[in-house]
Amino acid sequence: MRRFLPSLVCLLLAATACGGGGGGSSGGQSDPIKVGLIVSLTGNYTPLGSEDKKAVELAVEQVNAQGGLLGRKVELVTRDDKTAPDQGIVAYNQIKGEIDALIGPVFSNSALAVEPLAQRDKMPYLSLAPAQEQVEPIKSYIFVTPALSSMYAERYLQYIQAEGIKTIAVAWDSKSAYSVSGHKSMVALAPKYGVTIAVDEPYETTTSDFSPVFTHVRESKAEALVFWGSGAPGVTAAKQYAASGLKTPLFLTASQASKLWLEPMGAQAEGMTVQSAIGVVGDHLPDGKQKQVIDQMATPYEQKHGYPPPQFAQDGYSASLLLFEAIRKANSTDKTKIQQALEAMDLITPNGRFRYSPTDHSGLSPEFISVNTVQNGQFVPTPWAKEQLTKTVNAQG
């Protein structure tokens with residue numbers, strides 16, 4: 001029977017109870033369990049990858065403080081993909097022979113480059129990137145931790161419909177797998193929600209002038225502009241939007257749900273709409289199992305780093321919980337057993353409740369995504385999102 005654990009405390013106690021027996025473990029009884037972590041520590045996605053790394057390190061510290069897993073310590077083997085797909089491949093090849101499982105890349109293009117290698121090697125792999133192509137079609141050893149681009153697209157369309165908006169503009173980065181996937185899903189799903197896309201505007205990651213986009217939106221009947229982009233374009237476009245005088249509301253995706261976007265935006269961010277994982281708005285949730293597991297991460301993270309965990313940290317910590325629980329359930333570091341345990345997973349994490357299965361390696365649903373406005377430099381759920389999240393949290397107990 002499936003079950004879920006409301007907090008890492010429960011997971012750790014259960015893991016400790018397993019003791020050092022760990023029948024079937026592929027390593028020696030005193031050898032550490034080695035988890036590979038490939039993230040962007042240099043290059044354009046450094047701000048994202050560094051937050052993932054901090055969160056995974058926190059999860060490892062917590063589990064080791066409780067005796068580790070299967071009576072063994074957990075050890076991270078970290079590499080930098082330099083925000084480049086070819087370097088992701090280099091990093092994977094450097095560590096594949098010494099690790100029991102892999103967490104990594106946050107850059108979708110790198111994640112897609114590493115994925116076939118992990119599948120070939122039967123390496124349990126929890127991706128930190130949301131690109132749809134990773135799990136469509138299913139690859140048995142590949143699992144995704146963030147909500148997929150299609151889920152962010154659908155959540156926005158649900159919100160847009162609830163707000164009575166009929167016509168939108170969409171801008172998307174043609175060089176980003178995350179953005180391309182999100183745009184494709186939004187186009188496909190828009191008719192389901194009675195939404196027409198009046199402006200469909202591609203740009204490139206290196207774009208520095210978004211005024212043509214704003215001109216096209218201004219000349220259209222669009223009632224909102226949905227901007228798909230990660231890293232620098234999210235700041236550049238939002239700043240130029242604020243200066244443009246465009247009255248059409250700007251909707252940004254979860255790639256902007258962190259201080260990495262808020263700080264450079266400053267007061268210009270006020271009133272903008274930004275999606276996020278449920279964990280980013282944990283303070284606004286009712287008490288329950290979901291809030292409990294968010295707090296077990298958020299409190300020590302903020303104490304250690306001086307700010308609340310952003311979107312990317314939520315992903316890294318959630319991936320760690322999923323992997324630790326899979327190892328505990330497998331009672332082994334045998335890669336096939338870990339893969340099988342992941343496919344039977346039902347676990348609440350800061351990103352929401354995961355229900356992986358042999359036919360679903362993303363595990364989440366759009367109900368765990370929040371739609372927020374920026375108020376006094378903070379992400380605050382819209383009234384619609386707060387109502388929806390409250391229902392979701394209360395249903396979990």
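Let's start with charges: this structure holds eleven salt bridges. Keep in mind that the model is a predicted one. Why would such pairs turn up at all? Side chains of opposite charge can pair when their charged atoms come close.

Here are three of the pairs, with the distance for each.

| Pair | N to O distance |
|---|---|
| K139 and E115 | 3.4 Å |
| K192 and E154 | 2.9 Å |
| R353 and D346 | 2.8 Å |

**K139 and E115**

Take the bridge between K139 and E115, where the closest N and O atoms are 3.4 Å apart. This pair links distant parts of the chain. K139 is in the loop between β4 and β5, while E115 sits in helix α4, which covers residues 108–120. In sequence, the two are 24 residues apart. Are K139 and E115 buried or exposed? Both of them are buried.

**K192 and E154**

Next up, the side chains of K192 and E154 meet in a salt bridge, 2.9 Å from N to O. K192 lies in the loop between α6 (177–189) and β7 (196–203), and E154 belongs to helix α5 (residues 149–162), so this bridge ties together parts that are 38 residues apart in sequence. The two ends have their own surroundings: K192 has 56% relative accessibility, so K192 counts as exposed. E154, on the other hand, is buried, because its relative accessible area is 15%, and the cut-off for buried is under 20%.

**R353, D346 and a small network**

R353 and D346 also bring their side chains together in a salt bridge, at 2.8 Å from N to O. Both of these residues are buried. Which residues do shared salt-bridge partners join into one network? They are K34, E75 and E98.

**A look at Q134**

Back to the loop between β4 and β5, where we met K139. Q134 lies there too, between β4 (125–127) and β5 (142–144). Its relative accessibility is 0%, so Q134 counts as buried. What does the side chain of Q134 find there? One of its polar atoms lies 2.8 Å from the backbone oxygen of A129. Setting aside neighbours within four places in sequence, Q134 is in contact with A111, L112, E115, S127, A129, K139, I142 and V144. Notice that E115 and K139 are in that list, and these two form a salt bridge with each other.

**The wider picture**

An unreviewed UniProt entry lists residues 32–363 as "domain: Leucine-binding protein". Over that stretch, the chain is 44% helix and 18% strand, and the end C-alpha atoms are 28 Å apart.

Technical notes: Residues numbered from 1 in each chain as written. Predicted model: local features only at pLDDT ≥ 70, side-chain atom pairs only at ≥ 80, totals over all residues. Heavy atoms only, no water. Helix = DSSP H or I, 4+ residues; strand = E, 2+ residues; numbered from the N terminus. Buried < 20%, exposed > 50% of the residue type's maximum accessible area, 1.4 Å probe, protein only. Polar contact = N/O pair within 3.5 Å; in protein donor to acceptor, adjacent residues only side chain to side chain. Contact = heavy atoms within 4.5 Å. Salt bridge = Lys/Arg side-chain N within 4 Å of Asp/Glu carboxyl O. UniProt positions renumbered as here; feature names shortened; annotations may be inferred.
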